[in-house]
Structures are given as structure tokens and as C-alpha cells.
Amino acid sequence: MRAALAAVAAAIVFAPLQAIAQTPMVPYFGKNQIRYTNFRWNIYTTDHFEIYFYPEEEQHLERIAGYAESAYQHVSSDLKHDLAFKVPLIIFKTSSEFQQENVIPGAAVEGVAAFAEPERDRMLLPLDEPPDLLYRTITHELTHIFQFDIIPTSLIRRNLPLWLNEGGADYEAGYWDPLDIMTVRDAAVADIVPKMSEMEGYGGFNNPRLIYNLGHACYERSASSRSATRSAPPITAATSRRIRRRRRSSRRFPRSRRRQAI
Ligand SMILES: [Zn+2]
């Protein structure tokens, strides 16, 4: 019975998003994706996650569960929000196996280190990263799951600015890559930092990371002001009630030479 339930749960969790697969703009999107492996999925349940793994990953389970629960405590505490469901966390042993995922066929392209999808609040990532980077990646993607829950994408009518989602996720991950901080300094020196109200999409910048980094910087600025004034953080359940009346979020998948969480 337990095995049958696990099989049904796995079938639901791994069901591809039909709306995305059937998008008329890209009728062959993902259809030529090569599948090398039939993964034998199992479920490991923790306080806040359902971790989907296959037997070759079992030795990593406790470590990943520890990272995920630590990330949950951090993000939940900072955003003052709890999730009413366990987050499906789908892990792959290697990046090449991650690229065979079929949750959003074609999303795990080269250069993408992980992703979260808003329809069923699933997180997908490979494990072949150094421990500190892996923890940050989990924190980044988990922040998106919180964002999806606080600002339901099905109820709002336009895109959230990309900097808001990605800047928030990078801020919660709590780390500045030296190259990233350099892009912010360069933008400031070149006087090309746009007004917040104009920061839509990738902001017209050639470097897709810049909008992430400017968003990250905005959150840091807000946090430092907040610590002085004790005002509310940028995204909370309270502020989302205003936002959810008028905005819709969509996910974008930038490509770059560096692997990055999106
Ligand atoms: Zn992201």
C-alpha cells in the first residue's frame, strides 16, 4: 500500500505541466529531449519537504534533508511566513541527469543549476555542487516557493518585476559572488541603475545577471533601512494582499555560461 501511494504521489509530482508543454508558440518545445535513464523514485519525508530521490542518491539524503530544513527555518523566519504544505524537492545525482527532468521539459538547460516551478511548487536540483553552493541553491529555490505562496501567481494579472523574485531569492541565499557584486558597482559607476519602477524583465541589460544583482542590492538596502526603522520587509503576507490584486508572476529562464539558480 505504501509503495502504491508512493507511486501515485510520484506520478502526480512528476507530471509535466500541460500548459507549458502545449504552448502554441513553441510546438516542439522539449519534444526532442533525450531520456537516458528510468529513475526509480522514492520519497523521503521531513518536517517541511517530500524529497524525491532514486537509490543512487540515498547516501546524500540526510545531508540534503538537513540543508533543506535549515533553509526552511531561515526563509520562514525572515519572511515571517509558513507553508501549509510539504515542498516536493526533486533531486538528481548529477547535472546531466538533472537535464533529463520532465517537470518542465527543456527548462534544465546548460547553465541552469536548479529551478522552482509555481504550478505545483516543486523544486528541482542536482547534487553535484560543493556543499556551500548547494545550500545556497536550495535556499534560493525555496525562497521562490515562499514567494509563490505569498503572492499566488494564478490570482494576479501581470508579471512581477523579475528583480523582486530573483533579488529576494539571492538575498535570502545570503551570498555575493565577486563577479555579481562587480556588476552592481560597474552599473553604479556607469550611472545606468534604473529607477525601481522601471526595472521590468531584464531591464534591457545584456547581462541577465545584472537584474538579479540589482534586485539583491535593493533587498539589502531595504533590510538595512528596516533594521533602522523596524518597518516591514519587502515581501510579506500583508504586502502581498495589495500586490495580488494587480500582478501576475511568470518564470523566465536566463542562460549564461555560469550555472545559476533561477
Ligand atoms: Zn531564482
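Here are a few exercises with worked solutions on the predicted model above.

Before you start, residues are numbered from 1 along each chain, following the written sequence. Because this is a predicted model, local features need pLDDT of at least 70 and side-chain atom pairs count only at pLDDT 80 or more, while totals for chains, interfaces and linings use all residues.

**Exercise 1. Get the overall tally**

Find how many helices and strands the protein chain has, and what share of its residues count as buried.

Step 1. Helices and strands here are DSSP runs, numbered from the N terminus: H or I over at least four residues for a helix, E over at least two for a strand. On that basis the protein chain has nine helices and six strands.

Step 2. For burial, count the other C-beta atoms within 10 Å of a residue's own, with C-beta atoms placed from the backbone: 20 or more is buried, 12 or fewer is exposed, and in between is partly exposed. Of the 262 residues, 33% count as buried.

Step 3. Now the contacts, meaning pairs whose C-beta atoms, placed from the backbone, lie within 7 Å. Take those between residues at least 6 apart in sequence, and 74% of them join residues at least 24 apart.

**Exercise 2. Take strand β5 apart**

Work out which strands pair with β5 (122–126), and whether β5 is enclosed or in the open.

Step 1. Pairing needs at least two DSSP bridges between two strands. β3 (87–92) runs parallel to β5, with four bridges, and Leu 89 stands opposite Met 123 there.

Step 2. On to β4 (112–117), which is antiparallel to β5 and joined to it by three bridges. One bridge partnership is Glu 117 with Arg 122.

Step 3. Check burial. Five of the five residues of β5 are buried, so the strand is largely enclosed by the rest of the structure. Arg 122, Leu 124 and Pro 126 point one way, while Met 123 and Leu 125 point the other way.

Step 4. Look at the turn. The β4–β5 hairpin has four residues between the strands. Asp 121 sits in that loop and has a positive phi of about 55° despite not being a glycine. Asp 121 is partly exposed, with 17 other C-beta atoms within 10 Å.

**Exercise 3. Map the nonpolar cores**

Identify the residues with the most contacts inside the largest nonpolar core, and the elements that supply it.

Step 1. A nonpolar core is a set of buried Ala, Val, Leu, Ile, Met, Phe, Trp, Tyr and Cys residues joined through C-beta atoms within 7 Å. The largest has 36 residues, and Leu 89, Ile 91, Met 123, Leu 124 and Leu 142 have the most contacts inside it.

Step 2. At least two residues of this core come from each of β2, α3, β3, β4, β5 and α5.

Step 3. Zoom in on Met 123. Skipping residues up to four places away in sequence, Met 123 touches Val 87, Leu 89, Ile 90, Ala 116, Glu 141, Leu 142 and Ile 145.

Step 4. Another core lies apart from this one; it has 11 residues, including Trp 163, Leu 164, Tyr 171 and Ile 211.

**Exercise 4. Compare two helices**

For α6 (162–173) and α7 (178–189), check the end-to-end span and decide whether each is enclosed or in the open.

Step 1. The expected span is 1.5 Å times one less than the number of residues. α6 has 12 residues and reaches 17 Å from its first C-alpha to its last, close to the expected 16 Å.

Step 2. For α7, also 12 residues, 16 Å is expected and the end C-alpha atoms are 16 Å apart, which agrees.

Step 3. Burial comes next. In α6, 12 of the 12 residues are buried, so the helix is largely enclosed by the rest of the structure. In α7 the number buried is zero, so that helix lies largely in the open.

Step 4. See what follows each helix. Gly 174, just after α6, takes a positive phi of about 70°. After α7 comes Asp 191, with a positive phi near 55°.

**Exercise 5. Place Lys 80**

Say where Lys 80 is located and whether it is buried or exposed.

Step 1. Lys 80 is in the loop between α3 and β3.

Step 2. Lys 80 has 11 C-beta neighbours inside 10 Å, so it counts as exposed.

Step 3. Its phi is near 50°, a positive value in a residue other than glycine.

Technical notes
Contact = placed C-beta atoms within 7 Å.
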